[in-house]
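Visitor: Got a minute to walk me through this one?
Guide: Sure, let me put it up.

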Amino acid sequence: MNVHNAEIIISAVSPKQYPETELPEIALAGRSNVGKSSFINTLINRKNLARTSGKPGKTQTLNFYLIEDALHFVDVPGYGYAKVSKTERAKWGEMIETYMTTREQLKAVVSLVDLRHAPTQEDIQMYEFLKYYEIPVIVVATKKDKIPRGKWNKHESIIKKALNFDKSDDFLLFSSQTKEGKEEAWQAIEKYL
């Protein structure tokens with residue numbers, strides 16, 4: 001998809017604030033500093049529609065982005081950030097769970113993991129959660145430019161093994177620096193639209 005129009009529509013905390021449209025939604029989930037905002041900005045050809053920040057854990061709402069009047073990207077709060085209180089984290093967890101298990105417009109979730117590291121407990125829980133609720137998942141391993149090409153396969157297999165990855169799901173490597181993986185990401189997303 002070649003994106004010319006993208007805008008943030010609403011930052012929602014509860015279902016009554018979700019946009020009232022039938023447009024398909026693709027949610028984006030991942031650890032706080034996994035590069036979610038950079039992923040969104042790369043896919044929509046914008047520098048900073050999705051706010052990237054030096055302070056991980058900044059997204060505390062479900063941010064709905066309208067893309068080409070054809071779909072919504074829904075940026076969900078990053079998980080696993082230490083500086084957030086347990087109550088705050090529980091609140092986010094509940095908000096994300098409510099959205100993902102009840103929203104009919106949700107067509108798939110892009111689950112972002114960091115290619116440089118083995119998945120965290122939270123990464124694994126997110127993947128298992130999506131599999132349990134039979135929500136289509138696209139696993140995107142970010143920051144591929146930070147690893148020498150010769151080691152990509154090794155890192156990919158570490159991630160797949162830790163997630164107990166289902167071969168019927170999409171898995172791709174991505175870099176917001178070099179834009180590698182951008183076309184593949186759109187191809188994977190477009191299957192669900």
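Guide: We'll go through the sheet, a couple of helices and the cores; keep in mind that this is a predicted model.

Visitor: Sheet to begin with. What is the strand order?
Guide: 7 strands form an open sheet, ordered 1-3-4-2-5-6-7. The pairing is mixed.

Visitor: Which strands sit at the edges?
Guide: Strand 1 (6–12) and strand 7, each pairing on one side only. Neighbouring strands are turned by 25° against each other on average, direction ignored.

Visitor: In what sense do strand 2 and strand 4 pair?
Guide: Parallel, over 4 bridges. Ile-26 stands opposite Phe-73 in strand 4.

Visitor: And what does helix 3 lie across?
Guide: Strand 2, strand 5 and strand 6. Helix 3 runs at about 160° to strand 5. Helix 4 packs on the sheet too, touching strand 5, strand 6 and strand 7. The direction of helix 4 makes about 145° with that of strand 7.

Visitor: Stay on helix 4. Which of its residues are buried?
Guide: Trp-152, His-155, Glu-156, Ile-159 and Leu-163. Seen down the helix axis, they fall within an arc of 100°, so they line one face.

Visitor: Why would residues spaced like that share a face?
Guide: An α-helix has 3.6 residues a turn, so residues three or four places apart point the same way.

Visitor: What's on the face turned away?
Guide: The exposed residues Asn-153, Lys-154 and Lys-161.

Visitor: What do the buried ones pack against?
Guide: Strand 5 (106–114), helix 3 (121–132), strand 6 (137–142) and strand 7 (170–173).

Visitor: How does the length of helix 4 check out?
Guide: It agrees: at 1.5 Å a residue, its 12 residues should span 16 Å, and the end C-alpha atoms are 17 Å apart. Just after the helix, Asn-164 takes a positive phi of about 55°.

Visitor: Switching topic. Is Asp-123 buried or exposed?
Guide: Asp-123 has 1% relative accessibility; buried means under 20%, so it counts as buried. Asp-123 lies in helix 3.

Visitor: What does Asp-123 touch further along the sequence?
Guide: Beyond four places away, Arg-31, Tyr-79, Leu-112, Val-113 and Leu-163.

Visitor: Now the largest nonpolar core. Which residues touch the most other members?
Guide: Tyr-99 and Met-100, out of 34 residues. Elements giving two or more residues to this core include helix 2 (86–102), strand 2 (25–30) and strand 3 (62–67).

Visitor: Contacts of Tyr-99?
Guide: Leaving out residues up to four places away, they include Tyr-18, Phe-64, Val-74 and Leu-106.

Visitor: What about a second core?
Guide: A separate one has 25 residues, among them Ile-40, Ile-44, Tyr-65 and Ala-188.

Conventions:
Residues are numbered from 1 along each chain as its sequence is written. This is a predicted model: local features need pLDDT of at least 70, side-chain atom pairs count only at pLDDT 80 or more; totals for chains, interfaces and linings use all residues. Side-chain values use heavy atoms; hydrogens and water are left out. The expected span of a helix is 1.5 Å times one less than its number of residues. Buried means under 20% relative accessible area, exposed over 50%, partly exposed in between (1.4 Å probe, protein chains only). The arc is that of the directions from the helix axis to the C-beta atoms. Contact means heavy atoms within 4.5 Å. A nonpolar core is a set of buried Ala, Val, Leu, Ile, Met, Phe, Trp, Tyr and Cys residues joined through side-chain atoms within 4.5 Å. Two strands pair if DSSP finds at least two bridges between them. Axes are lines fitted to C-alpha atoms, for helices over the stretch in contact, and angles run from 0 to 180 degrees between N-to-C directions.
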